[in-house]
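The following exercises concern a predicted model. Work through each task with the coordinates open before reading its solution.

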Amino acid sequence: MGEAAARREESALLAACARSFFADRAPLRHLGDAERDGRIERDRWRALGELGWLGVSNPSEPGALAVHAAALVAEAGRVLFPDPLVGVLAVARALGVAGDPHSLLAEVTAGSRIIAPVLTGAGGRVEVSSRGRLSGSVAFVESPDGADAFVVLGSTDESFLVDAEDPGAAVRPMRAMVGGAWSELVLTRAAAIRIPVPGLVETGAALAATFAAAAAGALLEATVAYVAGRRQFGRPIGSFQAVQHSLASSAIAVDQSRALARRALAAVEGEDLPAARYASALAFVAATDRFVDVARRCHQVWGGMGFSTESDVHHFSRRARWMKQTWGGRTRHLDAVANERLRTKLLLDRYAEARALS
Amino acid sequence: MNPRPTYDEFRERVRAFIEREYDPVIPLQGPFPQADTPEKKSFLRKVGRQGWLGLGWGPEYGGLGWGADYQHLLQQELEYAGLPTCSIESAMVGPTLARHGSEALKERFLPAIARGELSVALGYSEAGAGSDLASLSLRARRDGDEWVLDGEKMWTSAAHFADVIWLAARTDFEAPKHRGISIFLVDADSPGIAVSRIGTMHDDRTNIVHFEHVRVPADRLVGEENAGWRYLIEALDLERLSAFPVGNLRRDLDELTAWVRENSRKDDPALLRLLAEATVSVEAALSHVDDAFDLLASGERPARAATMLKVAVSECRQDLADRILDEVGPRALLRRDDPGTTLAGRFEDAWRREIISSIAGGANEIQRDLIARRHLGLPRGD
């Protein structure tokens, strides 16, 4: 009990510091500007490094992911932090698990080098030549315009490091539902070194689920406050049953997302890779689906105010819709869920065997 | 002394017990998770001999005292296997009686429940008191050292086989409605009780129970007179954690998984997608169990998680049956006992059975009202 309580306290402390940091340096009201600007704010990123927060996913710290990274990413989610925190934390952890063979971690965790993950699949294809050069293009890449390097995951789960300065690497900013540093990475015989990043997708999916759950939770809180104040027909609209039921359904969705994200982070920290794949894929689909559902329901309740850019609701709904296509997208994770399910020995199987023997 | 095992150890013991004692006749015997058939009765006595039907109270009353969390785990496992759980007796009535009943009542009824030898029917709802349960009007009038009951209960599903009825009656017609209710333990064979059958779309029965001048000894009042609403709410909170189809939902998913796994089906992209989506829905609905257990482990009442679990699990099981019936072909609409049915007719059965889950045990509208007001702090409408 003592250890769990100590962890909760550490987590709460980190969360409080992070909340303060983001309120000061990345408040929601500046999100519109960040979207238009489309670059990673380097000073702020280095500050994260100085605080030691880019190393919170360090695999040698037991519970690091489920406790510290969870707390930090949740606070980032609450303000829809635009910089690639989830991606970099996932890359950092994967490099750590692999033993950091190319000595990249020090710069990554210091915040002086940003290495962004790039997943092929629905977003694009990349081919490896016999000389180890990469060609192809991948869209929906989180902030490669600000990144110094990319970890490209091919379709056969090979992984490569490509330098942003490589002459064969070009970044085309995209105009998309979510503004900011989202781009298409175009590779033309770019030099690449093989780099192992075990568990990158599982870690990223679990952290993305954590981000989505927290963002949905923050939107719900703001919506509860809004409906308590907004009056129509002589009473707060939050006193109407239809509104209450909608918010109650959203609260259920948020609790589910949080619980599944927690479970996913714990599984990623465990030794069982199939369990990590299953739990992280499950959490990703569930939390991103629910984030969109919550956002749509909240829009209905915010009325015209939520549709206008005077409120922040539109930031949440667009980001929610966007997130479903990240980390390889919904279909990839659904396939992983089905595959792991089909491979699992069921309790039913055990009982059937017992009856067969008796 | 029977030291409390870890959750994993307990689950394993229960599963091993199920392997030994499973009776294949029982899952075919209809939906009551109580002792309404000789086979179920015999099985429940065996469970009782393990000490597992009294997990919610201590050894002084025949229980093991391990807690509501263990009772819930037991129920999940038994329900998964299609076996009776005595959830009403062990998870709802028993713990409430343990907290509020007199010594005499506790000594008389708790050991019997723990042995699997007592069936209890819940006498709550009336024709005019469903979601608005506090408006119940079956009256209990004090007469010497007895109470006299007159009125009617409805949806008293176990009344045709139960030994006792856990009855909510109005003992004060002057007080505000929530403050005039008392709970009694009434022998089901008391003179003046008449049970009439109501059929349901799930092929089982429920009942209307008429009470005409039914005399109940005063010592059958549970706890304080007019304090019944508090006990009732407490019991419903517990019901939400334990009586909703968590085990059945897990079994649904495993049955679907096993079926898709068979030969040609696991290459069918539509069925793989169905399996994946079903898995996400089920795991999300069941995630409230994790939250509830975290709260129970730290000694708190899992009110929020239990309320959410009730809504999520009932609606998930309904939606899942509906989607599966859409996707696996029309033979899935054949009943369980038709040899041509798909998935052993499980989802034909579930679709009809689960209609009531979003209504009974506190309609989901009421649960959402509770979530909004109690947990989100939203204001009342009136």
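For these exercises, a helix is a DSSP run of H or I with at least four residues, numbered from the N terminus.

**Exercise 1.** Determine the volume of the second largest pocket and describe its lining.

Solution. The space in the second largest pocket comes to about 1600 Å³. Of its 36 lining residues, those closest to the centre are Arg8(A), Ser11(A), Ala66(A), Arg262(A) and Asp294(B). Next, assign the lining to elements: two or more residues each come from α1, α4, α7 (200-229) and α8 (241-269) of chain A, and from α8 (269-297) and α9 (303-327) of chain B. Within that lining, α8(A) supplies the largest share, with 8 residues. Finally, sorting the lining by class gives 18 nonpolar, 4 polar and 14 charged residues.

**Exercise 2.** Check the length of helix α1 (residues 2-25) of chain A against its expected span, and find what covers its buried residues.

Solution. The expected span is 1.5 Å times one less than the number of residues, so the 24 residues of α1(A) should cover 34 Å, and the end C-alpha atoms, being 34 Å apart, agree with this. Taking buried to mean under 20% relative accessible area, the buried residues of this helix are Leu14(A), Ala15(A), Ala18(A), Phe21(A) and Phe22(A). Residues three or four places apart on an α-helix point the same way, because there are 3.6 residues a turn. The cover over the buried residues of α1(A) includes α3 (42-50), α4 (64-78) and α5 (85-97) of chain A.

**Exercise 3.** Count the disulfides over all chains, then classify Cys298(A) and Cys86(B) as buried or exposed.

Solution. With a cut-off of 2.5 Å between cysteine sulfur atoms, the count over all chains is 0 disulfides. Cys298(A) is buried, because its relative accessible area is 1%, and Cys86(B) is likewise buried, at 4%.

Key. Residues are numbered from 1 along each chain as its sequence is written. Chains are lettered from A and ligands numbered from 1 in the order in which they are written. This is a predicted model: local features need pLDDT of at least 70, side-chain atom pairs count only at pLDDT 80 or more; totals for chains, interfaces and linings use all residues. Side-chain values use heavy atoms; hydrogens and water are left out. Buried means under 20% relative accessible area, exposed over 50%, partly exposed in between (1.4 Å probe, protein chains only). Contact means heavy atoms within 4.5 Å. On a 1 Å grid over the protein atoms alone, a cavity is a set of points where a 1.4 Å probe fits but cannot get out, and a pocket is an open set with protein on both sides within 12 Å along at least five of seven lines; lining residues have an atom within 4 Å of a point. Grid points are joined across faces, edges and corners, and a volume is the space filled by probe spheres set on the points. Ala, Val, Leu, Ile, Met, Phe, Trp, Tyr, Cys and Pro count as nonpolar, Asp, Glu, Lys and Arg as charged, and the others, Gly among them, as polar.
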